[in-house]
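Trainee: Could you walk me through how to read a model like this one? I would like to begin with confidence and then go on to helices and domains.

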Amino acid sequence: MYRQLIQTIVLFIVLMGSLHVQAVPKKYPYQAVTTVGMITDIVRNVAGDKADVEGLIGEGIDPHLYKPTRNDLIALKRADIVFYNGLMLEGKMADVLMKIARSKPVYAVTEGIEDEGDYVLNTEAQHFDPHVWMDVSGWIHATRVVAESLSEYDPKNATFYQENANAYITQLKKLDNYAREVLATIPENQRILVTAHDAFNYMGRAYGLQVKGIQGLSTESEAGVRDIEHLVSFLVENKIPAVFVETSVSDKNVRALVEGAGAQGHMLVIGGSLYSDAMGKTGSYEGTYIGMIDHNVTIISRALGGSPPENGMQNKLATAH
Amino acid sequence: MTWFVDDTWIVIIGALTAIACALPGCFLVLRQMSMMGDAISHAVLPGLAIAFLVTGERASFTMFIGAAVVGVLTAVFTQWISSLGKVDRGASMGIVFTTLFALGLLLIVQAADHVDLDPGCVLYGAIEMTTLDVAWEFQLGETWIEVPRAAMVLGSVALFNLIIVVAFFKELKISAFDPELATTQGINANFMHYLLMTQVAVTTVAAFEVVGSIIVIAMLVTPAATAHLLTDRLGLMLLLSAIIGALAAGLGHLLAIVIPPLIGFDGTTTSGMMAVTTGLLFVLAWLFAPRYGWISRLVSRKDVKSPFSGPLPSD
């Protein structure tokens, strides 16, 4: 009986060991793995047909709280090059990414921008704001960082990456201008953006909005009753017409603001759902970085009393809400 | 579905966890102290916090010691309260671990709020990520084998538990079933009790730092209880519980890969699925066990006493 059992166990282990199925034939020269969609988009645009790009954190998922799964581990281990945002955006993945970095090139895109000078916002001591993509010119920096990193990894295609990056940057510059224009249509005393968490500081700085988030830089921090009360009286005093929810954050706190303002006789509405830390559905226009920002600025402008075009910059937005 | 080297390692680590836990787990189930592992896994928090405050780094050996010491203290306090205060063991376990856990939370919030000590990262290791920490590499034929640190740690714990169980088999058995008989035979039943508790504390702490607490608590109790349904002999029960736990680890990981895509999800946690699988195996044993199973009891219509209502007849 004992012997049979032991034989079964040994057989089981041998079986599992022999199941190492090997790689599927490769269509692309190398494999790039990224975390958030905004970075996936850059790498896809810059690497073109040279790399198969796989993003780990999908639509509507909060990167601050995202925990990697077995599938992510496999993807990271098989990747040739890895890009992530950095500055603690992927809070729970930092350890894993650091371990992966021992054996292959891993780039923190926003930390590359940080090296370039004092672009990155630094709120409290040693606490950097990771939401760089909210300012399109920040993401132009990021595109350059990606192009340089890819050239470093694959020097013989450096000019190819540079050309792709330049083409993408041209599109981003258009987007940057559009954002500036539509946000400037908001009446001056209403340029105040209140959202579920503190993700919009870069947008505020770049396009002249005052920004307040209910939760802090990371969704890990909780908002107290005090914070909500302060925000409500701020909204009522300044007669702000709308606040915004985010696709990757619970709308509980924002609804509390609306109710609080209602109790003080101020009609506050939810201006729409913004893409803050995750993009829209894969394959849709909002599932690209350009579509995401187009959606955000168009919705913000409309809800705060500006006059943006009905369907956004390229007339591609779904009737947005 | 594709199976990778990492998957094999995850299953091996899960199986080692299962074996390490099942051995002391059997004695816990027999002594009707199954929740001790759960209690210890919560109670160690102040130990972790104090060790962190003293050394200033996490995942260090000091933290392991701090946690293990508080783990043993949990057992000591539980024993005191239940013998002095006329409180039953389950309740005194509840008192001790909630108090210690709360103390740990206070310590973390008060003293360590500004530093990076998230109870989550201490309490809930992730078994999926263990293969990233390679402790030892060697060449076998043409392939390099990279042994994860977790496999080494849990392998050592399993071995440690095996040695103790083999060396003190008779003493552990007698003091589990009949402490008074043990004393008349010159065995220090008290010593055996604390030896077992130390074993549980060391196992729990070492294991949940690497693989997370859910799977540890599941592996400590469920495979042992399942084995208890299948046999009345202690030796066989120990062996069966280790096998059942290891089987649950392999099956659980397989299900974690296969099932979510079928219902349209992307992936799930392996440790959760391993724990669920131990539960499923228990249900199977509860239904089909040869003697104590629901079906065989129905068929034989004999009034067989449930094995959980009292100690086993010794073999």
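Mentor: Happy to; we will take confidence, then helix pairs in one chain, then the domains of the other. Please keep in mind that this is a predicted model.

Trainee: Which values does the predictor give the complex for ipTM and pTM?

Mentor: The ipTM is 0.73 and the pTM is 0.79. For a single chain, turn to pLDDT: chain B has a mean of 83, and 88% of its residues reach 70 or more.

Trainee: Where in chain B is confidence lowest, and where is it highest?

Mentor: The low point is helix H6 of chain B, residues 119-123, with a mean of 56. The high point is helix H7 of chain B, residues 149-167, at 92.

Trainee: Let us stay with that helix, then. At roughly what angle do H7(B) and H10(B) cross?

Mentor: Start with the axes. Those of H7(B) and H10(B), the latter covering residues 189-211, come within 10 Å and cross at roughly 165°. Angles over 145 degrees count as roughly antiparallel, so H7(B) and H10(B) are roughly antiparallel to each other. Their crossing is left-handed. Residues making the contact include B:Val153, B:Leu154 and B:Val157 on H7(B), with B:Val202, B:Ala206 and B:Val210 among those on H10(B).

Trainee: How many nonpolar, polar and charged residues does that contact have?

Mentor: The contact of H7(B) with H10(B) has 10 nonpolar residues, 3 polar ones and no charged ones.

Trainee: What is the handedness of the crossing of H1(B) and H12(B)?

Mentor: Distance and angle come before handedness here too. H1(B), residues 5-30, and H12(B), residues 234-262, have axes that come within 8 Å and cross at roughly 150°. That angle makes H1(B) roughly antiparallel to H12(B). The crossing of these two is right-handed. On the H1(B) side, B:Gly14, B:Ala18 and B:Gly25 are among the contact residues, and on the H12(B) side they include B:Gly245, B:Ala249 and B:Gly252. By class, this contact has 15 nonpolar, 7 polar and 1 charged residues.

Trainee: How does H10(B) lie relative to H11(B)?

Mentor: The axes of H10(B) and H11(B), residues 213-230, come within 7 Å and cross at roughly 135°. That makes H10(B) oblique to H11(B). B:Thr204, B:Ala207, B:Phe208 and B:Val211 of H10(B) meet B:Ser213, B:Ile215 and B:Val216 of H11(B). The classes are 5 nonpolar, 2 polar and no charged.

Trainee: Now for the domains. Which domains does the assignment give chain A, and how far apart are their C-alpha centres?

Mentor: With domains, look at the bounds before the contact. In chain A, domain 1 is 30-179 and domain 2 is 187-303, with C-alpha centres 25 Å apart. Domain 1 of chain A puts 30 residues into the contact and domain 2 puts in 28.

Trainee: Which helix gives the most to the side of domain 1 of chain A that touches domain 2?

Mentor: H2 (37-47), H6 (136-153) and H7 (158-184) of chain A each supply at least two residues of that side. H6(A) gives the most, with 4 residues. By class, the domain 1 side that touches domain 2 in chain A has 15 nonpolar, 10 polar and 5 charged residues.

Notes
Residues are numbered from 1 along each chain as its sequence is written. Chains are lettered from A and ligands numbered from 1 in the order in which they are written. This is a predicted model: local features need pLDDT of at least 70, side-chain atom pairs count only at pLDDT 80 or more; totals for chains, interfaces and linings use all residues. pLDDT is the predictor's confidence in each residue, from 0 to 100. Axes are lines fitted to C-alpha atoms, for helices over the stretch in contact, and angles run from 0 to 180 degrees between N-to-C directions. Angles under 35 degrees count as roughly parallel, over 145 as roughly antiparallel, 65 to 115 as roughly perpendicular and the rest as oblique. A crossing is left-handed if the near helix is turned anticlockwise from the far one by less than a right angle, and right-handed if clockwise. Two residues are in contact if their C-beta atoms, placed from the backbone, lie within 7 Å. Ala, Val, Leu, Ile, Met, Phe, Trp, Tyr, Cys and Pro count as nonpolar, Asp, Glu, Lys and Arg as charged, and the others, Gly among them, as polar. Domain bounds come from an automatic or database domain assignment.
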